[in-house]
Amino acid sequence: MSNETTVLPESELRDLTSILPSARNKAARDVPASHAKIVFVTPPYDRIAPGYEFVKSVTNQSPSLGLLHLAAEVREFGYRPTIIESDVFSLSVDDVVARIVAARPEYVGITLFTVGVWSALEISRKIKAALPDTTIIVGGPHISSMAEETMRRFREFDIAVVGEGEEALLQLLQALDHGGDLSKVPALCYMDGDELRRTPSLPVDRELDRLPIPAWDLLTDFPDAYPAAVYDFPHLPVATIAASRGCPFHCKFCDTSTFGARVRAYSPERVFEMIRHLQEKYGVRHILFVDDLFLASKVRTKKLCEMIIASNLQITWSCTARVDTVKPDILQLMKQAGCWEISFGLESGSNEILQSMDKAADIARSEQAIRWTAAAGIRTKGLFILGYPGETVETIEMTKAFIRRLPITIMNLTKFTPYPGSPIYREMYGTSIRDDHWQKMNGMNFLWSPEGMTVEELDRHYQDILLSFYRRPRMMWYYTVLTLRYPAHLARLTRFLTLFVRAKLRSLLSGRKGLLLEPREQAFLDRNE
């Protein structure tokens, strides 16, 4: 098999509108609207490490916002999209295949996170066997970072759309419908016999307002079947919105290949329109903004807040922010507009580790931002990573001390994962693909341990950090009051605690001294070091 890649020059994409009229100008199309079916799929994947299955009862169940945008876009031009959310409804590969075969679509679009590649492959094989004329299109973060490697290896995937998908997917579907030349469609990666072909990327789309609102109406049991993580909201129902795309920063553990470094945003008016639509049509009471950098523009944030306040819209919302983007004045306005919680990527209590991550912030600045946010009456959520290269017992103790002195009200602790496309992945593995790791790349498995530490030691520190945070009398009282005030969390929390106690007892009775990580995880790590 040839390993050569043909990259078509930009010049070959000239005059695309004469071949495939731009999706941005529907009136200019000289081809009839399609009525073809396309099924969008989030494939099944393991989000939780073996031994920690109880965590799923309290984790985020939000739908794939990317698929909602794609479905809305193609529907504008006559396509008949449906969406299958495998993880939310605990669907197996066979369940997904049965639904697709019953629909008999012309196209299947699968969003690929690295952890879901193998289940997507199995779905594709079975679809090809049952519906050989169906075209399987893949996209998503994994494709944006590893398109060529993935398409060379997995011939069951017909075509990959690289990067933001709305424009490229629509042009691709029109080409497939009308016998167009795929080499004239931008942002594709596909095999042509034994030769891999790449077409040039599309220019960055700065006009997000022209996109239709996400196709929430295509989701089964929306919004009730899609709660956010427990205690990440005060009231149900909850929905997600991405008010912007892109992040200009370059943290080494982060893969930004899909949306890139340039920040583009919906106008405050368009965001407000989406919020009001979700509340009026679906009764949504809380919005999760999932932008990488919600506060990239204080002017935009200020205007949105002022619109919410002026309208007297009864909504609460959460967002993420960098510690260097908040100040007391904007925090006060956000609180007045209903901001309930801000998540900060604090990562570590060691400045040395932060520097090795290429984080711009330091411990002092992080602590100041957290205290400003708490003083404004907004809940603060700390996001941390355990096991990053250079981690030692000393840096872990620094993180524990940092967490103890911060006025954060909730925390997430991720097990360091070198995601394909991130700078740290390339540092660790060069250009090689550690596909034996792909099924475990969910932030809940230790795929690698720092020098001088074992995965068992890391896992004990992991448990200790979380338990020492939540078992403090102050936090136990806080969550008791919070649960009584917002009882929507009680059922999920009760199930979580019950399953956690069972898991601990099983570990103790098996002689594993309370360690939750299953023995095969250590064998996996040893095999791959």
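User: In this predicted model, how much space lies in the second largest cavity?

Analyst: A search of the whole structure of this predicted model finds two cavities of 30 Å³ or more. The second largest cavity is lined by residues that include Lys-400, Arg-404 and Phe-469, and the space that lies within this cavity is about 50 Å³.

User: Which helices each supply at least two residues of the lining of the second largest cavity?

Analyst: The lining is made up of Lys-400, Ile-403, Arg-404, Ile-465, Ser-468, Phe-469 and Arg-472, and by class it has three nonpolar, one polar and three charged residues. The elements that each give at least two residues to this lining are helix 12 (393–405) and helix 14 (455–470).

User: Which element gives the largest share of the lining of the largest cavity?

Analyst: The largest cavity has a volume of about 70 Å³, and its lining consists of Ala-243, Tyr-266, Pro-268, Val-271, Asp-291, Phe-294, Arg-300, Thr-301 and Leu-304. Two elements, helix 7 (268–282) and helix 8 (298–311), give two or more residues to that lining. By class, the lining has six nonpolar, one polar and two charged residues. The largest share, three residues, comes from helix 8.

User: Why does Thr-380 count as buried?

Analyst: Thr-380 is found in strand 15 (residues 379–386), and, leaving out residues up to four places away in sequence, it touches Ile-342, Phe-344, Ile-370, Thr-373, Ala-374, Pro-407, Ile-408, Thr-409 and Ile-410. Buried means a relative accessible area under 20%. Thr-380 therefore counts as buried, because its relative accessibility is 0%.

User: Which backbone oxygen does the side chain of Thr-380 reach?

Analyst: Pro-407 is one of the residues that Thr-380 touches, when residues up to four places away in sequence are not counted. The side chain of Thr-380 comes to 3.1 Å from a backbone oxygen, and the residue to which that oxygen belongs is Pro-407.

User: Is the peptide bond from Phe-222 to Pro-223 cis or trans?

Analyst: Most peptide bonds are trans. The residue Pro-223 is found in the loop between strand 8 (195–198) and strand 9 (238–241), and it counts as buried because its relative accessibility is 6%. With omega near 5°, the bond from Phe-222 to Pro-223 is cis.

User: What is omega for the peptide bond that joins Leu-236 and Pro-237?

Analyst: Pro-237 has its place in the loop between strand 8 and strand 9, and, apart from neighbours within four places in sequence, Pro-223 is in contact with Pro-237, Val-238, Tyr-282 and Val-284. The bond joining Leu-236 and Pro-237 is cis, and its omega is about -5°.

User: What is the phi of Tyr-231, which is not a glycine?

Analyst: Most residues other than glycine have a negative phi. Tyr-231 lies in the loop between strand 8 and strand 9, and it counts as buried because its relative accessibility is 5%. Although it is not a glycine, Tyr-231 has a positive phi, of about 70°.

User: Where is Ala-187 found?

Analyst: Ala-187 has a positive phi of about 65° although it is not a glycine. Since its relative accessibility is 4%, Ala-187 counts as buried. This residue is found in the loop between helix 6 (166–177) and strand 7 (188–192).

User: What percentage of the residues of the protein chain count as buried?

Analyst: The protein chain has 17 helices and 16 strands, and its accessible surface comes to about 22500 Å², of which 53% belongs to carbon and sulfur atoms. Among the 529 residues of the chain, the portion that counts as buried is 56%.

Methods. Residues numbered from 1 in each chain as written. Predicted model: local features only at pLDDT ≥ 70, side-chain atom pairs only at ≥ 80, totals over all residues. Heavy atoms only, no water. 1 Å grid on protein atoms, 1.4 Å probe; cavity = no way out; pocket = protein on both sides within 12 Å on 5 of 7 lines; lining within 4 Å. Points joined across faces, edges and corners; volume = space filled by probe spheres on them. Helix = DSSP H or I, 4+ residues; strand = E, 2+ residues; numbered from the N terminus. Nonpolar A, V, L, I, M, F, W, Y, C, P; charged D, E, K, R; others polar. Buried < 20%, exposed > 50% of the residue type's maximum accessible area, 1.4 Å probe, protein only. Areas by Shrake-Rupley, 256 points an atom, 1.4 Å probe, with all protein chains shown as cover. Contact = heavy atoms within 4.5 Å. Polar contact = N/O pair within 3.5 Å; in protein donor to acceptor, adjacent residues only side chain to side chain.
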